[in-house]
Amino acid sequence: MNEKKDILNLLDFIRQSPTAYHAIETAARCLERFTHLEEHEPWHLKAGGRYYVTRNQSSIIAFVMPEDTFSHFQIVASHSDSPMFRIKEHPEMGDKGHYVRLDVEGYGGMIMSSWMDRPLSVAGRLVVKTPQGVESRLVDAGRDLVLIPNVAIHMNREVNEGFKFQAHVDTMPLWGTGGTEGTFLDVMAEAAGVKQEDILGHDLYVYNRMPGTVWGGKNEFFSAPRIDNLECAYSSLQALLQSKPGNQVNVCAIFDNEEVGSESRQGAASTFLSDVLNRILLARGMTGEDAMRAVTSSVMVSADNAHATHPNHPEYADPYNQVFMNEGIVIKFSARQKYTTDGLSEAVFTEVCRQAGVPVQHFANRSDMPGGSTLGRISGSQVSILSVDIGLAQLAMHSSYETAGVQDLDSMVRGLTAFYQTRVKMLGDGRWALDRQSHA
Ligand code: ZN
């Protein structure tokens, strides 16, 4: 089953990406034939060239230049981060000589119970002293390292009646026994191959290192950490790699900090995307009105996973706009524009998928449930263009171990590849032409 092979590649991508930093490093490895640009250096972009640029090592924008002149950009955006625990600057809490725990703070809205009683590890980056100044080094302890133990049912008889987690009490991972104070940064320094005394700063996170798995009566499902949103990030990279250069600039953007509102220097609300688009235009000599015309006639697909109807709780889904795993790409709608999709962007994306034979389904929250938002609307505040919010149907979003459908990955890769290979050209306000280009 080819679909299973594709899933194993995705599970490998997820395993190599315990934090947003690692996800971007893994993405850059996928883009080995692309030229790595730095934001502080001048850019000389060639027709037909393939490039990528990173910001804060945790967001990446890759793009493919057309062979000829171009009129607009076609962008797929996703995110690199997932809910997890950030380790504080003074990481250790010694408890009367018997235990040492790590002092952590939640990053993003997580399902706390999914982090209990399972082996966890620590990864992120260490910033170390160098002869020139400072340098960041990615680090992954890469072994079972800490665990957050539940309280036994004998001491909390109501645990199954609904348990309220106290962030500063119930979620502190156990690091070691008494006498292990002062060893945490030693272990991380050794894992990174640096000296402990050279560490000047760190961004370290507790992550679930349980391997992904394919399961179900007919192997229909897979489960893994960080499916939201590494599945979409991986799919968009595969689509960019598989598509031929078009008559527009194809852009694949993966942003950090979506889970905490995107308002960082590298998040979707930052200037990263608009800076990169403007520099591409400048490098090709497009300024003034030409540049404004190119940006306003661009199109964005914001790809972030969606909620499949829960098998035990179908009442949480809108009965007439619900979506299921293995039934195709989800197009998301919200009257309050939590998602950017409107009838126009829905029609454009649906037609692109229909021409490629890719199934789509439609999602809206129950009208009395607020639901989530995503980065389409946030980056839309920086670069205001026609956008559609899509994703794949999954269960247990923001659990440390999520579940999705095996067949859907193929739908997403083919749908996004078709988007990159279809020239979506603006003809006027409310009128767009779809011109299917060369096939991969
Ligand atoms: Zn997400």
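These are my notebook entries on a zinc site and one helix in a predicted model.

**Zinc site**

I started with the metal and asked which protein atoms serve as donors of the zinc ion. I found His79 through NE2, Asp228 through an OD atom, and Asp304, which is listed twice through OD. Their distances from the zinc ion run from 2.0 to 2.7 Å.

Next I checked the geometry. The angles subtended by the four donor atoms go from 52 to 143 degrees, so the arrangement is irregular. For reference, a tetrahedral call would need all angles between 85 and 135 degrees.

Then I looked at where the donors fall along the chain, and the spacing reads H-x148-D-x75-D. His79 sits in strand S4 (residues 73–79) and Asp228 in helix H4 (residues 227–242), so this pair, 149 residues apart, links distant parts of the chain.

Are these two buried or exposed? I get a relative accessible area of 0% for His79, so that residue is buried. Asp228 comes out at 2%, so Asp228 is buried as well.

**Helix H6**

I moved on to H6, which spans residues 288–296, and noted Ala291, Ala294 and Val295 as buried. They cover an arc of only 95 degrees around the axis, which puts them on the same side of H6. That fits what I know of α-helices: with 3.6 residues a turn, residues three or four places apart point the same way.

Which residues are exposed on the other side of H6? I noted Glu289, Met292 and Arg293 there.

Last, I looked up what the buried residues of H6 pack against, and found S4 and helix H5 (272–283). S4 is also the strand that holds the zinc donor His79.

How values were computed: Residues are numbered from 1 along each chain as its sequence is written. This is a predicted model: local features need pLDDT of at least 70, side-chain atom pairs count only at pLDDT 80 or more; totals for chains, interfaces and linings use all residues. Side-chain values use heavy atoms; hydrogens and water are left out. Donors are N, O and S atoms within 2.8 Å of the metal (3.2 Å for Na, K and Ca); water is not among the atoms, so sites may look incomplete. Four donors count as tetrahedral if all angles lie between 85 and 135 degrees; four count as square planar and six as octahedral if opposite donors are over 155 degrees apart and all others between 65 and 115; anything else is irregular. Helices (H or I, at least four residues) and strands (E, at least two) are DSSP runs, numbered from the N terminus. Buried means under 20% relative accessible area, exposed over 50%, partly exposed in between (1.4 Å probe, protein chains only). The arc is that of the directions from the helix axis to the C-beta atoms. Contact means heavy atoms within 4.5 Å.
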